[in-house]
Amino acid sequence: LYKKGDEVEAKVLQIDVENMRFSLGIKQLQEDPYESAATVFVPGTRAKGKVSRNAEFGSFVELAPGVEGLIHVTEMTWNRRVKHPSKLVAIGDEVEVVVLAVDLENHRISLGMKQTEPNPWELVLEKYQVGDVIRGKIRNITDFGVFVGIEEGVDGLIHVSDISWTERVKHPQDLYKKGDEVEAKVLQIDVENMRFSLGIKQLQED
């Protein structure tokens with residue numbers, strides 16, 4: 001931006017005689033863009049912007065010149081399987097967001113991307129109830145259970161203890177593989193904590 005010998009105009013910010021410090025600022029000669037942005041980007045409003053950079057914890061979106069907001073990775077999609085922002089957006093992408101919070105003092109605007117789409121968990125609550133029997137394909141297998149696809153962005157968990165009444169299943173992968181279609185009974189739907197519990201053994205008498 002500058003080189004030695006350039007003439008600049010600046011505002012005096014602080015004079016510290018004791019420590020012989022004279023602090024100046026150039027940006028203070030212009031209006032703080034976040035102050036005007038705060039009147040436009042109020043919580044609850046929708047906005048569009050371009051992804052300016054990605055980090056492990058989320059994506060920064062330029063809403064206006066000099067004004068950025070952050071979409072935390074947990075606010076990017078209802079799908080909990082997505083762990084990194086780069087799986088969803090790239091630098092330069094135009095995205096639609098909802099303003100969640102504005103901290104004018106610290107120049108922070110919190111944004112959400114998943115809020116522009118229906119919450120699949122609300123749809124699940126309308127479509128399924130405890131006791132229903134469903135069929136779905138296995139999306140993932142862990143030592144503690146099997147994850148079955150219910151809806152886009154929603155998996156149901158068959159805990160290892162709910163696979164069989166008689167067998168002590170230690171490793172679900174010994175019985176199933178990804179892509180297998182299974183039938184299971186709905187045991188619990190916890191929308192608040194995004195948990196959908198299923199059981200296979202409950203299809204048979206104890």
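The following dialogue considers a surface patch and the salt bridges of a predicted model.

Student: Which residues form the nonpolar patch on the surface?

Tutor: A patch of this kind gathers nonpolar side chains that lie within 5 Å and have over 30% relative accessible area. Here the nonpolar patch consists of Val12, Ile15, Val17, Phe22 and Leu24, with about 530 Å² of accessible area together.

Student: Which strands supply at least two residues of the nonpolar patch?

Tutor: Two strands do so: E1, covering 11-16, and E2, covering 21-25. Val17, another member of the patch, is found in the loop between E1 and E2.

Student: Is Val17 buried or exposed?

Tutor: The term exposed applies over 50% relative accessible area. Val17 has a relative accessible area of 66% and is therefore exposed.

Student: Let us turn to charged side chains. How many salt bridges does the count come to?

Tutor: A salt bridge requires a side-chain nitrogen of Lys or Arg within 4 Å of a carboxyl oxygen of Asp or Glu. By this rule there are nine salt bridges in the model. One of them joins the side chains of Glu183 and Arg135, at 3.9 Å from N to O.

Student: Where do Glu183 and Arg135 lie in the chain?

Tutor: Glu183 belongs to strand E11 (residues 181-190) and Arg135 to strand E8 (residues 133-142). The two residues are 48 residues apart, and the pair links distant parts of the chain. As for its surroundings, Glu183 is partly exposed, its relative accessible area being 38%.

Student: What does the salt bridge between Asp155 and Arg139 tie together?

Tutor: The side chains of Asp155 and Arg139 meet at 2.5 Å, N to O. Asp155 is in strand E10 (residues 154-159) and Arg139 is in strand E8, so the salt bridge ties together parts that are 16 residues apart in sequence.

Student: How should the accessibility of these two partners be read?

Tutor: Buried means under 20% relative accessible area, and partly exposed lies between that and the limit for exposed. Asp155, at 16% relative accessibility, therefore counts as buried, whereas Arg139, at 30%, counts as partly exposed.

Student: Which residue forms a salt bridge with Lys177?

Tutor: The partner is Asp180, and the closest N and O atoms of the pair are 3.2 Å apart. Asp180 is buried, with a relative accessible area of 19%, while Lys177 is exposed, with 55%.

Student: Which residues are joined into one network by salt bridges that share partners?

Tutor: The network consists of Arg135, Glu181 and Glu183.

Note on methods:
Residues are numbered from 1 along each chain as its sequence is written. This is a predicted model: local features need pLDDT of at least 70, side-chain atom pairs count only at pLDDT 80 or more; totals for chains, interfaces and linings use all residues. Side-chain values use heavy atoms; hydrogens and water are left out. Patches are made of residues with over 30% relative accessible area and no salt bridge: like charges are joined within 9 Å, nonpolar side chains (Val, Leu, Ile, Met, Phe, Trp, Tyr) within 5 Å. Accessible areas come from the Shrake-Rupley method with a 1.4 Å probe; for residues, only the protein chains shown count as cover. Helices (H or I, at least four residues) and strands (E, at least two) are DSSP runs, numbered from the N terminus. Buried means under 20% relative accessible area, exposed over 50%, partly exposed in between (1.4 Å probe, protein chains only).
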